[in-house]
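Student: Could you take one spot where two helices meet and go through it slowly with me? After that, I'd like to hear how other parts of the chain are put together.

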Amino acid sequence: MPRFSLIVLSLSCFASVVFGQAGAGPIFGSEKSKVTKIAKKKSDISESAVKMSPDEALIEDLSKWPGQQALATARELIVKGPRIVPLLIKSLENNDWRIRCGCAYALGELKDQSAFPSLQKAIRDISNRISLGPFFQAMAKIDPVAATSEVLPFVAANDVRAAKAAMVALPEIIDQKFAARVIALTSHQVNAVRFRALTLLPRMFRPVSHEVYIRLLADRAPRVAAGAAMILADSRSDEVYKTLQDLVVSGNLRSTCYGILALVNAEDRTNRVLLKEGGPIEKRLLVLLNIRGDFENCVAAIALANMSMRSTDPKLRKFADTAMIGFLLDAAATGKIFKDYISVKDICLQKAAMISGESFGLDARAWVDWWIKNRNGFKARRELRAITTSDAAALKIRFAHRAKSGSFHIEIVAGAPEDDQVRVSRPIYIEVGDMEALIRSMEQAKLMKQRGMRLDPGWVNDYIELTVTLGNRVYRRAHYGDEPADLVGFGDELKELAEREAWQLFRDRNFEPDFVTWFKRTRAKYKNLDPQDRKKTSAQDALKAFATLDPRSRRAALVSFKSAGPAWIEQQKKAFLNLLDSSKLRFTDSRELLATLSMIGGHDVLEAVITYLPLFREDGAVALRSFVERRPLDEILEHNEGRRPDLRVALIPYLTKRMPGHPQVLAKLMSFMSDGDSRVRDALVTSLRRVPNENLLNVMQEKIEDSTAQDQLGLIELFGAIGGQSVVPRLHKMFVAGSQTLKISVIKSLKKAGGAQALNELTDIVKNGESRFFRVAALSALAEMEGGEVRARVRRLLTSNLTVERLRESMGLCAKIFRASLDSDFVPFLSHEDETIRKEAALLLGPLGIKAAAPELMKLLLDDSESNRAWEYLELISCQSVVLPGGEEALSHFRNWFKEHDGEAQHDWFMAAMKAEGLKSQHMLGYLEGKERPFRAIALLIRALESEIWFVRVNAFNYLSRIRGTTLGRLDRRSTPAEIQKTKTRWLEWYNALLEGL
């Protein structure tokens, strides 16, 4: 099949699931079903179409899957337990693919075995093909072994998404009975399938024979062969390493090369010697180095780099000094690309760094430039196996430790700087005698007798490492995830030394440009100071130079400030406050300075901090909260926060934690309830709602009762927001006894309180409230609330015994609640016994182009007050531009037109209008019939948004809105060109985001 056709087919398949089954419902399904629904008797409508249980309403809310709202709805369903399982299973056949996915997720969490057969059926349904992830994962949670049997074949699927979903869903430990099937996939003809199978092999319950991985070293796909090599390298098995050594000597060329890479990686990670010099392995490496083949040459140079580090062979040492870097950089840094380039590029540069001591990372240009300048006279590094005190003057020690308690790294050399060049590593210089003491500590602890691990490039957690360099010889010891006591103890000794010598980092470059001269003078100053004076002097120098220091030196300075103690910080308070005003500070520096100042506190410090904070906006608010948390409660209660809302926002969570049993704290919080700043009120609600307190609610209620009518309004809204469901009974009493203005505040408060009780109160006001004013306010509150329970309540409300007047006033506001599902909720009202209700339903459905509304709209053609809207909606539905005098003529025309075209689907009319507009619509047919959804149809609809014919662009807008589930922008007959273009731009952005997700 041509490549272009394959691309189109894959896009079509993707779109068929993303947009497919949602379209098989009210919009893109059979129009005949809609017409039939309208023709049913009223009793049928009331019993089936209109009524919807709360559980069914929750299921419908899954149509936003996988959004946060839909996930929350799925969790609501899960809480209902086993009784919801039959409805979830039934909903696996819903027309909306998103609902199916959400139900699958819920079934997986419930782990009900009865759902497994339905999930099996679902994954075989082609309409689910691109959204298989939730089904796979649900099956794996219900029955991991049975799920593996069903999901494993999808690892070899042509559809990449289905394959990836299968890989994610398969258990971390795969049952051993599937080993043969997984191994068989390693012989699949498709490279990607073999690679997926390779990644599954380590997940088998029992380790797979290393012979499988040995075979894969010869795989034609580089990532498969390289992946097998990495697995073999991590085996820690003498038998595996012996097999690899034999393979290097006698295997075919490709197996040999990847076997060498496996042994090199094993050496790097375990610090074992597996590539022995002077034997058949070295001879094979030299052959590979001299044959014609970029990959083979590169692999040989990589292995010889490891050998050269520990070798005393003059020939190998000479090769390492003269040509090895050239081989490595030629393969990895000159732009030369060969088939297996990706397998060796990074390791080539790692080996170049190992034998050179340089560190340019993956910067190929920097490596090449360095080699051109330094190849003459270059000496490769070697392993350092032991040191003595006589080596102190030439020794360099580097120590790094990352742990939960914090990170620490230091580089130490003996002596003094000889030039004023800025060094990237910024070493700490110590006296030779101090270096000798460190060497004796290392000998006593026998640090260099242990090797640990050499390298674990994938490690991102805690680690500890020591590197000792003497000339071109180097010793390195590393541990990942554990902290040997000997290294931890040595690290503590280095930390003490680093704190003592931190003054070296505190040079003010503005006044001391010559580093060497400054260093000698300052070392002499510190030499005779006692430890306590040394700390204070170092902190003083750090404070003086702080604004000019680099980030590493600033971190050291901040440590020195705290070490100097609160008394010294109090003495330097003015200097610290001046430093806070400096525009050169980064937020992290400022935050730590605030932490330092919090050690002394005081009103003047607090005022200065508040003045400084606006420079950092949200970060400043975080810093202020941190500062406040360190201060005593009495100081906070005494402070007058004045006109700065920043401080009041920071105080609220601090005071909330200390509220129980403390009347002064409660009074302080109550004073914020009438605050004019919305940020303060929002912070109050957020903080207090997390810590329910009956005493607070009682005090709030008393304050409401004692306040003026104007102050009561805001307090009542806060009362509901803070108290939640617990205050609904109190709000009910306020509503019954309150004035008209207060009742409106209670309704708003109920909306903020949320929960089932608040919903009961609001729906009761809509059903039984005597004043239309309050009924509309309650409906408006419901329309602004979220969640499936709200929609379920409103649906029950619409189908309850409302009077015609109340039903009519409810329908318009309910439209906001139902949004994209207007058609399914209001179509039944087209057959209502009351004419005004039928009229309202038709006018709500008409702008959406819903065909079922046409009969009622035709009646409105004779209503002078609604004839214009009815005419417009009928043109929109039929896609016909009608020029007639109006009235009876228009009614006759539309009756005849709908009768003549009764056998056609609504999308046929739209396609005819598209064709008349010159928009090729052949890609639309399958899409509108609900069979296939190619992306070309989406693009065509977006193009149609700018159509000269208004009903074409509005219909296109409506179709796009139903595809997406929500609208983007606004478009109707009266939209201006600017509004049309703005809306089209928003749809294009959405469409491009979809394409990027492919």
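Tutor: Let's go to the spot where α18 passes α19, a crossing that is left-handed. Keep in mind that you are looking at a predicted model. To find the pair, look for residues 253–270, which make up α18, and residues 280–290, which make up α19. Their axes lie 12 Å apart and meet at an angle of about 115°. Angles of 65 to 115 degrees count as roughly perpendicular, so that is the word for how α18 and α19 lie relative to each other. And which residues touch? From α18 come L253, T256 and I260, and from α19 come R284, L285 and L288. Sort that contact by class and you get four nonpolar residues, one polar and one charged.

Now hold that picture next to another pair, α8 (residues 97–110) and α10 (residues 133–142). Here the angle is about 15° and the axes are 8 Å apart. Since angles under 35 degrees count as roughly parallel, α8 is roughly parallel to α10. The crossing of α8 and α10 is left-handed. On the α8 side, the contact uses R100, C101, A104, L107, G108 and E109, while α10 brings P134, F135, A138, K141 and I142. Those residues split into seven nonpolar, one polar and three charged. If you walk on from α8 into the loop that leads to α9 (116–124), you'll find K111. K111 has a positive phi, near 55°, and is not a glycine.

There's a second lysine like that further along. K446 also has phi near 55°, again in a residue other than glycine. Its place is the loop between α25 (432–445) and β5. Is K446 buried or exposed? Exposed means over 50% relative accessible area, and K446 is at 55%, so it counts as exposed.

That loop leads us into the sheet. How many strands does the open sheet have, and in which order do they sit? There are six, in the order β1-β6-β5-β2-β3-β4, and their pairing is mixed. At the edges are β1 (382–383) and β4 (428–430), each paired on one side only. Start with β1: two bridges join it to β6 (residues 473–480), and these two strands run parallel. In that pairing, R382 faces R473 of β6.

Then move to β2, residues 395–403. With β5 (residues 463–470), β2 pairs in the antiparallel sense over eight bridges. With β3 (residues 406–414), β2 also pairs in the antiparallel sense, over eight bridges. R402 is a handy marker here: its bridge partner in β5 is Y463, and in β3 R402 stands opposite S407. Between β2 and β3 there are two residues, and the two strands form a hairpin. One thing to keep in mind while you look at side chains: in a regular strand they alternate between the two faces of the sheet.

Next, a few single residues. S538 sits in α28 (residues 531–545). Buried means under 20% relative accessible area; S538 has 4%, so it is buried. What does S538 touch, if we leave aside its neighbours within four places in sequence? Its contacts are A502, W503, F506, Y526 and S560.

D61 is another one to look up, in α5 (residues 54–61). With 6% relative accessibility, D61 counts as buried too, going by that cut-off of under 20%. Try finding E789 as well: D61 and E789 are 728 residues apart along the chain, yet their C-alpha atoms are separated by 9.4 Å. A little past D61, P66 lies in the loop between α5 and α6 (68–79). The peptide bond that joins W65 and P66 is cis, with omega about 5°.

To finish, zoom out to the whole chain. The secondary structure comes to 56 helices and six strands. Of the 998 residues in the chain, 53% are buried. And if you take the contacts with a separation of 6 or more, 63% of them are between residues 24 or more positions apart.

Definitions and conventions: Residues are numbered from 1 along each chain as its sequence is written. This is a predicted model: local features need pLDDT of at least 70, side-chain atom pairs count only at pLDDT 80 or more; totals for chains, interfaces and linings use all residues. Side-chain values use heavy atoms; hydrogens and water are left out. Two strands pair if DSSP finds at least two bridges between them. Helices (H or I, at least four residues) and strands (E, at least two) are DSSP runs, numbered from the N terminus. Axes are lines fitted to C-alpha atoms, for helices over the stretch in contact, and angles run from 0 to 180 degrees between N-to-C directions. Angles under 35 degrees count as roughly parallel, over 145 as roughly antiparallel, 65 to 115 as roughly perpendicular and the rest as oblique. A crossing is left-handed if the near helix is turned anticlockwise from the far one by less than a right angle, and right-handed if clockwise. Contact means heavy atoms within 4.5 Å. Ala, Val, Leu, Ile, Met, Phe, Trp, Tyr, Cys and Pro count as nonpolar, Asp, Glu, Lys and Arg as charged, and the others, Gly among them, as polar. Buried means under 20% relative accessible area, exposed over 50%, partly exposed in between (1.4 Å probe, protein chains only).
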